[in-house]
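The following exercises concern a single predicted model. Each task is followed by a solution that proceeds step by step.

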Amino acid sequence: MKKVYFDHSATTPVHPVVAEEMIRYVTENFGNPSSIHFFGREARRAVEEAREKVARGIGAKPEEIFFTSGGTESDNMAIKGAVYANRRKGNHIITSAVEHHAVLDTCKALQEEGFTLTILPVDRYGMVRLEDVAEAITEQTVLISIMHANNEVGTIQPISEIGKLAREKGILFHTDAVQSMGKIPVDVDDLQVDFLTISGHKFYAPKGIGVLYIRKGTKWQPISHGGGQERKHRPGTENVPGIIALGKAVELVLSDLSEESQRLAALRDKLVQGVMDRIPHVYLNGHPTRRLPNLVNFTFEFVEGESLLYSLDMKGVAASSGSACTAGSMEPSHVLLAMGIPVEIARGSLRLTLGRDNNNEDVDYFLDVLPPIMDRLRSISPLVKK
Ligand code: PLP
C-alpha cells in the first residue's frame with residue numbers, strides 16, 4: 001500500500017545529510033565539549049560551529065543562542081526566566097488563546113504562583129489583534145508571549161507590529177517560532193523579539209533538540225541549575241549530536257527556503273482545491289493569505305476527526321486532527337474553539353502538513369481515497385440530520 005506522510009507539523013524525518021553529519025558525533029567524535037583533551041575540543045568546536053549556523057539563520061549573534069531539549073523547554077525557559085527576573089518590575093503576563101500548551105500551560109502555572117495573566121482572544125482566522133494587545137498592557141506588564149505561526153491552522157501573527165509596541169512600552173517579548181522556522185523567514189530583528197523558540201524535529205533534525213534565542217542585555221534568569229554549560233543559561237552536558245544536527249538542518253532548510261515554500265504552497269493549493277471540489281460541507285480554517293505554506297486545516301461537518309484519521313490511516317495516509325499533543329483525546333481543539341468554530345464542527349477537523357518528501361502523486365492519492373471515506377463516515381454518522 002502507498003504510504004503518504006502528511007503530518008510534518010507533528011514531526012519530520014531526519015534528513016539523510018543531517019543524519020550523516022550527526023552520526024559522526026555519536027561514534028568517533030563522541031567527546032564531552034567540557035573536556036580539555038582532543039575529543040572534547042573537537043566536540044566543542046563543532047558545537048560552536050552549529051551555534052554560528054543557527055545565529056546566522058535567524059539574524060542573531062552566536063552568544064544569543066542557547067541549546068535546549070526542544071520547543072517545550074525553550075518556551076518554559078523564556079517565559080519563567082523572564083518573569084522571575086523581572087518580578088520587582090511587575091507581575092502581569094499577556095499571551096493568546098491559540099498558543100501551544102507549552103506556552104499556555106506555563107503561563108497558567110505562573111498564574112497559580114501569583115502572576116496575573118491576560119489571554120487574548122483571536123479573530124475568526126486565529127489572528128491576534130494589535131489593538132487588543134495595546135489595550136491589555138498595564139503598568140505591571142513584564143512579558144508578552146505570542147506565537148509566530150499557529151501549529152493547528154497555520155495563521156501567521158503580526159509579530160513585528162507586536163514587537164514594536166512591546167519595545168516602545170519597555171515590555172519583554174517572546175515568540176514561539178517552532179512552526180515557522182524553515183517555512184518562512186525568521187529574523188529576530190525583523191520580528192523585534194527578545195526571546196525566540198525553535199525546535200529541531202520540526203525541520204529535519206531529530207527530536208529532543210531546540211534553541212532559545214535571548215537578545216543580548218535582556219534581563220532574564222536561568223530556571224535550572226547545575227554545571228556551567230551554555231554559559232549557565234541551560235546547565236547539563238550538551239546534546240552534541242543533536243546540536244550538530246540542528247545546525248546542519250538550519251543550513252539545509254534555509255538554503256532553498258523560498259523555492260521549497262513555493263513548491264509546498266502549490267501542492268497545498270492543489271490539495272485545498274481538490275478537497276473543496278470533491279467534498280460538500282467542508283470549511284478551510286485559518287487565515288486565507290497570512291498562513292504557512294505547508295499546512296491546511298479543514299473541518300468537515302457530520303464527521304468525527306478521530307474516525308477520519310483512523311480511516312485515512314488504513315489507506316496509508318498519516319494526518320492529524322488538532323495538535324499532536326491533544327490527538328487521542330476527544331477534546332475539540334482549543335485553537336478552533338477560540339476562533340469561534342462551534343464544538344460539533346470543531347470535532348471534525350483534519351490537519352494536513354506537507355514536507356520535503358511530498359509530491360503531486362501524494363496529493364492525487366489523498367484526493368482519490370478521501371471521498372469514499374467521507375461518504376462512508378457520513379452515511380453512518382449520528383451527526384447527520386436525517
Ligand atoms: N510550540 C509549538 C508551536 C509546537 O507546535 C510544538 C510541537 O508541536 C512545541 C512548541 C513543542 O515542541 P517540542 O516537541 O520540541 O517540545
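**Exercise 1. The surroundings of A82**

Determine which residues A82 touches, setting aside residues up to four places away in sequence, and decide whether A82 is buried or exposed.

Solution.
- Step 1. Locate the residue: A82 belongs to helix α3, which spans residues 71-85.
- Step 2. List the contacts: A82 touches M77, L143, L172, F195, K219 and W220.
- Step 3. Apply the cut-off: buried means under 20% relative accessible area. The relative accessibility of A82 is 1%, so A82 counts as buried.
- Step 4. Compare sequence and space: A82 and L295 stand 213 residues apart in sequence, and their C-alpha atoms are 31 Å apart.

**Exercise 2. The packing of α3 on α4**

Describe how α3 packs against helix α4 (residues 101-112), and classify the residues of the contact.

Solution.
- Step 1. Choose the quantities: two packed helices are described by the angle between their axes and the distance between the axes.
- Step 2. Read them off: the angle between α3 and α4 is about 35°, and their axes are 9 Å apart.
- Step 3. Give the handedness: the crossing of α3 past α4 is right-handed.
- Step 4. Name the residues: α3 contributes T72, D75, N76, I79, K80, V83 and Y84, which meet A102, V103, T106, C107 and L110 of α4.
- Step 5. Sort them by class: the contact of α3 with α4 has seven nonpolar, three polar and two charged residues.
- Step 6. Examine one participant: T106 lies in α4, and its relative accessibility of 4% means that T106 counts as buried. Beyond its neighbours within four places in sequence, T106 is in contact with N76, I79, K80 and H101.

**Exercise 3. The packing of α1 on α8**

Establish the relative direction of helix α1 (residues 16-23) and helix α8 (residues 240-255) from the angle at which they pack.

Solution.
- Step 1. State the geometry: α1 and α8 pack at an angle of about 150°, with axes 8 Å apart.
- Step 2. Interpret the angle: angles over 145 degrees count as roughly antiparallel. Helix α1 is therefore roughly antiparallel to α8.
- Step 3. Give the handedness: α1 passes α8 in a right-handed crossing.
- Step 4. Name the residues: V17, V18, E21 and M22 of α1 make the contact with P241, I244, A245, K248, A249 and L252 of α8.
- Step 5. Sort them by class: eight residues of the contact of α1 with α8 are nonpolar, none is polar and two are charged.

**Exercise 4. Two buried loop residues**

Decide whether I137 and S320 are buried or exposed, and identify their contacts.

Solution.
- Step 1. Place I137: this residue is in the loop between α5 (130-136) and β5 (141-145).
- Step 2. Assess I137: its relative accessible area is 15%, so I137 is buried.
- Step 3. List its contacts: leaving aside neighbours within four places in sequence, I137 is in contact with I94, I144, L165, K169 and I171.
- Step 4. Place S320: this residue is in the loop between β11 (317-318) and α11 (334-338).
- Step 5. Assess S320: its relative accessible area is 4%, so S320 is buried.
- Step 6. List its contacts: not counting residues up to four places away in sequence, S320 touches D7, L309, L350 and R351.

**Exercise 5. Helix α10 and positive phi values**

Identify the buried residues of helix α10 (residues 305-314) and what covers them, then examine the phi values of G316, R231 and K232.

Solution.
- Step 1. List the buried residues: in α10 these are G305, E306, L308, L309, S311 and L312.
- Step 2. Name the cover: it includes β10 (295-300), β11, β12 (349-353) and α13 (360-379).
- Step 3. Look past the helix: G316 follows α10 and has a positive phi near 85°.
- Step 4. Turn to the residues other than glycine: phi is positive at R231, near 50°, and at K232, near 65°.
- Step 5. Place them: R231 lies in the loop between β8 (210-214) and α8, and K232 lies in the loop between β8 and α8. With 58% relative accessibility, K232 counts as exposed.

**Exercise 6. The domains**

State the domain assignment of the protein chain and the extent of the contact between the domains.

Solution.
- Step 1. Give the bounds: the assignment has domain 1 as 4-12 + 257-379 and domain 2 as 16-255.
- Step 2. Give the separation: the centres of domain 1 and domain 2, taken over C-alpha atoms, are 27 Å apart.
- Step 3. Count the contact: 31 residues come from domain 1 and 38 residues from domain 2.

Terms used. Residues are numbered from 1 along each chain as its sequence is written. This is a predicted model: local features need pLDDT of at least 70, side-chain atom pairs count only at pLDDT 80 or more; totals for chains, interfaces and linings use all residues. Side-chain values use heavy atoms; hydrogens and water are left out. Axes are lines fitted to C-alpha atoms, for helices over the stretch in contact, and angles run from 0 to 180 degrees between N-to-C directions. Helices (H or I, at least four residues) and strands (E, at least two) are DSSP runs, numbered from the N terminus. Angles under 35 degrees count as roughly parallel, over 145 as roughly antiparallel, 65 to 115 as roughly perpendicular and the rest as oblique. A crossing is left-handed if the near helix is turned anticlockwise from the far one by less than a right angle, and right-handed if clockwise. Contact means heavy atoms within 4.5 Å. Ala, Val, Leu, Ile, Met, Phe, Trp, Tyr, Cys and Pro count as nonpolar, Asp, Glu, Lys and Arg as charged, and the others, Gly among them, as polar. Buried means under 20% relative accessible area, exposed over 50%, partly exposed in between (1.4 Å probe, protein chains only). Domain bounds come from an automatic or database domain assignment.
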